[in-house]
Amino acid sequence: MRLLCEYLPRTGCLLRLRLELGDEPALIRDEGRRIETVNDGFGFMNERALRQLAHVPRLAIQASSSETARDTNRTIILELIRLAGAVSRADLARLSGLQKSTVSAIVEELLVSRWICEGETGFSRHGRRPLMLGVNNELGVVILDLHPGNAIVAISDFSGRFLAQENVPISSQPHRSITQLLAAIKRVTNAEPKKAIQGVGISVPGRVDPSTGRLAFAPNLKWGPFDIRKAIADGTGLPVEIENAANVIILAERWFGSLSGVQDAVAINVSEGIGTGILAGGHLISGWNGMAGEFGHMRVETPGLLCGCGNRGCWETVASNHAALRYYRKLKGKAPSSFTYRHLLIDAQDQKAEAMAALRYQFVQIARGLQTILAGLSPEVVLFAGDIVAVWPYFSGVLTEEVPKMLNARLPRIITTADYGLARLRGALALVLQHHFSPASSRSVPRRMPVGDPSR
Ligand SMILES: [Zn+2]
């Protein structure tokens with residue numbers, strides 16, 4: 001089950017809500033009473049933006065038992081409080097379409113369990129000023145965003161505010177790198193001593209076997225089938241969620257950005273390699289062994305260059321940042337070893353001919369693989385992420401020129417993540433949040449144990 005929230009562009013205001021329960025279309029039940037509510041009560045969030053709405057679709061929920069209905073309603077109220085930032089009980093009743101008595105009972109339960117807290121008084125045109133409710137921001141999450149060579153270790157509250165972060169060098173030796181990561185986790189959590197950390201979310205440049213939690217395939221990280229989840233869980237005593245970087249980007253956009261409500265999308269993360277994440281029918285696809293989405297390793301050249309995966313001619317050998325740099329060096333004849341992809345992007349923005357040619361080559365090669373992805377998955381949205389986004393306005397036209405239109409078809413919406421670094425951090429945060437904002441978890445009580453003390 002998942003509550004989908006769509007936001008207004010730029011303002012970030014809640015536009016509409018939809019609750020998915022399996023594949024069934026939805027309707028609302030509240031203690032046996034069927035409700036069909038047009039949610040026109042969004043005014044408290046941003047009056048000016050919301051006045052522009054032609055209509056707001058119906059909130060739709062189906063519950064098969066009163067127990068499920070209560071869990072579902074609790075999840076909706078918790079999610080509405082998270083989205084709103086600060087909201088009164090009356091607003092919650094208007095937004096959810098639930099009876100005021102139901103809302104009050106759920107709010108009391110969430111206050112007692114410490115998922116939310118009561119803050120300042122809000123505004124009322126008439127009568128008593130209401131007490132505003134917000135997510136308990138004493139609850140925190142530790143985020144690890146792993147890249148080949150370095151990692152970002154951060155701490156966030158449940159509202160998605162990043163409070164402290166560190167850049168940590170990591171190597172191809174997993175045990176040594178884990179020691180450095182654990183030390184950094186200790187430092188960022190010590191910087192926020194009042195936060196009760198609820199879990200660790202990890203974004204990895206590779207695939208994770210869902211059954212074992214071990215790295216199934218991460219040729220650029222070079223850690224082999226290492227169990228990062230266990231190493232971090234043992235070292236911190238916290239529950240750990242781990243996911244591929246491209247999947248994490250999809251999660252970030254669904255929780256905090258432009259993919260809210262989208263059911264079929266592909267994220268293409270172009271960096272040292274090419275990773276893709278697939279959202280199909282509203283579900284992230286992992287495949288039986290966690291390897292779904294390895295389009296970077298489909299063969300496009302024969303025989304082609306040797307790839308990090310051991311094969312030759314993979315898509316990422318011609319379309320990754322490394323490939324663009326290699327092509328640049330070939331054109332230029334010589335370039336210093338300190339010349340990186342970032343330098344290439346800057347040179348292209350300065351309209352230097354070889355840099356522009358190298359990036360044009362990279363976009364043409366990206367289009368080759370994109371064509372296969374579109375034919376196979378027919379996504380509604382393709383979301384590009386990575387440093388490549390910096391030169392998007394100059395070269396994205398290459399994609400539409402190079403990708404032939406299918407039979408009837410228009411091209412999907414091709415967009416980019418607004419902030420690549422932030423998208424990975426936010427996605428890793430969403431990995432943890434999605435467990436706490438579920439019916440089963442919102443019934444429990446947040447943990448209070450300090451980090452790094454698994455014995456307690
Ligand atoms: Zn390969």
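The following exchange concerns two sheets and their packing in a predicted model.

Colleague: Which strands stand at the edges of the sheet ordered S16-S15-S14-S17-S18?

Modeller: This open sheet has five strands, and its pairing is mixed. An edge strand has a single partner strand, so one side of it is left without a neighbour in the sheet. The strands to which this applies are S16 (283-284) and S18 (413-416).

Colleague: Which residue of S16 stands opposite Ala280?

Modeller: Strand S15 covers residues 274-280 and runs antiparallel to S16. Two bridges join S15 and S16. Opposite Ala280 in S16 stands His283.

Colleague: What is the average twist from one strand to the next in the sheet S9-S8-S7-S10-S13?

Modeller: This is an open sheet of five strands with mixed pairing. Its edge strands, S9 (162-169) and S13 (240-244), each pair on one side only. From one strand to the next, the twist averages 15°.

Colleague: In S9, which residue is the bridge partner of Ala151?

Modeller: Strand S8 (residues 150-157) and S9 run antiparallel, joined by seven bridges. Within S9, the bridge partner of Ala151 is Val168.

Colleague: What angle does the direction of helix H13 make with that of S10?

Modeller: Helix H7 (residues 245-256) packs on the sheet, touching S10 (196-204) and S13, and its direction makes about 105° with that of S13. Helix H13 (residues 420-436) also packs on the sheet, where it touches S7 (139-147), S8, S9, S10 and S13. The angle between the directions of H13 and S10 is about 130°.

How values were computed:
Residues numbered from 1 in each chain as written. Predicted model: local features only at pLDDT ≥ 70, side-chain atom pairs only at ≥ 80, totals over all residues. Pairing = 2+ DSSP bridges. Helix = DSSP H or I, 4+ residues; strand = E, 2+ residues; numbered from the N terminus. Axes fitted to C-alpha atoms, helices over the stretch in contact; angles between N-to-C directions. Contact = placed C-beta atoms within 7 Å.
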